[in-house]
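Please open the model in your viewer and keep the sequence beside it, since this tour moves from one selection to the next.

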Amino acid sequence: MQLVVGRIGRPHGVRGEVTVEVRTDDPDVRFSPGTALATDPAAAGPLTVERARWHKGILLLALAGVDDRDAAEELRGTLLVIDAADVPRSADPDEFHDHELIGLAVVTTAGERIGEVADVLHHGQDLLVVRRPDQGEAYVPFVKALVPEVDLDRGVLVVAAPPGLFDLGETE
């Protein structure tokens, strides 16, 4: 699985620098000089960072082989991606990356399988989108009271569902 860490925006100046919409918590590591980044579309890369600098809160990258504004413009909209396997687990046992949760089996505290995590939404409160066979999707607030256990090694997420929780969000 690939994770998007940035999206190339407009060129900056005439020497080939590009602006980057950062989509990672650790841009100084992800975009450090010498880093080779895979791209989507794949044909645009890999791209190697020569220089990175911040200008008025915007990340600017100089990329190997991108020497003028026209070459930078051709990269506009290109996604910069990394392999999910390259992202280490958090040291905090209650903190998870979205890609670690997606695909986990969802079971009740009694062990009844409900479905699997299809997505994680971040809209004020984190919501797990649980895909249930033949029943549509349900939305579970990702809070300790409702999700007391996440076992990445076993591939299981336990939900302490109050009555009616899995009746909400169903599609007809």
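## A walk from Ile8 outward

In this predicted model, begin by selecting Ile8, which, leaving aside residues up to four places away in sequence, touches Val18, Thr19, Leu47, Leu63, Leu75, Arg76, Gly77, Thr78 and Leu80.

Next, widen the view to the largest nonpolar core, which has 17 residues, and colour Ile8, Val18, Val20, Phe31, Leu61, Leu63 and Leu80, the members that touch the most other members. Two or more residues of this core come from each of strand E1 (2-12), strand E2 (17-22), E4, strand E5 (58-63) and E6, and E5 gives the largest share, three residues. Another core, of 15 residues, lies apart from this one, and you can find it by selecting Val117, Val130, Val147 and Val150, which are among its members.

Now move to strand E3, residues 36-40, where Leu37 and Thr39 make up the covered face, while Ala36, Ala38 and Asp40 make up the uncovered one. Why do the residues divide in this way? In a regular strand the side chains alternate between the two faces of the sheet, so neighbours along the chain point to opposite sides.

With E3 still selected, add strand E4 (residues 47-55), which runs antiparallel to E3 and is joined to it by two bridges; here Ala36 stands opposite Thr48, and the hairpin that joins E3 to E4 passes through six residues. Finally, add strand E6 (residues 79-83), which pairs with E3 in the antiparallel sense over three bridges, and look for Asp40, which stands opposite Leu79 in E6.

Note on methods. Residues are numbered from 1 along each chain as its sequence is written. This is a predicted model: local features need pLDDT of at least 70, side-chain atom pairs count only at pLDDT 80 or more; totals for chains, interfaces and linings use all residues. Side-chain values use heavy atoms; hydrogens and water are left out. Buried means under 20% relative accessible area, exposed over 50%, partly exposed in between (1.4 Å probe, protein chains only). Helices (H or I, at least four residues) and strands (E, at least two) are DSSP runs, numbered from the N terminus. Two strands pair if DSSP finds at least two bridges between them. A nonpolar core is a set of buried Ala, Val, Leu, Ile, Met, Phe, Trp, Tyr and Cys residues joined through side-chain atoms within 4.5 Å. Contact means heavy atoms within 4.5 Å.
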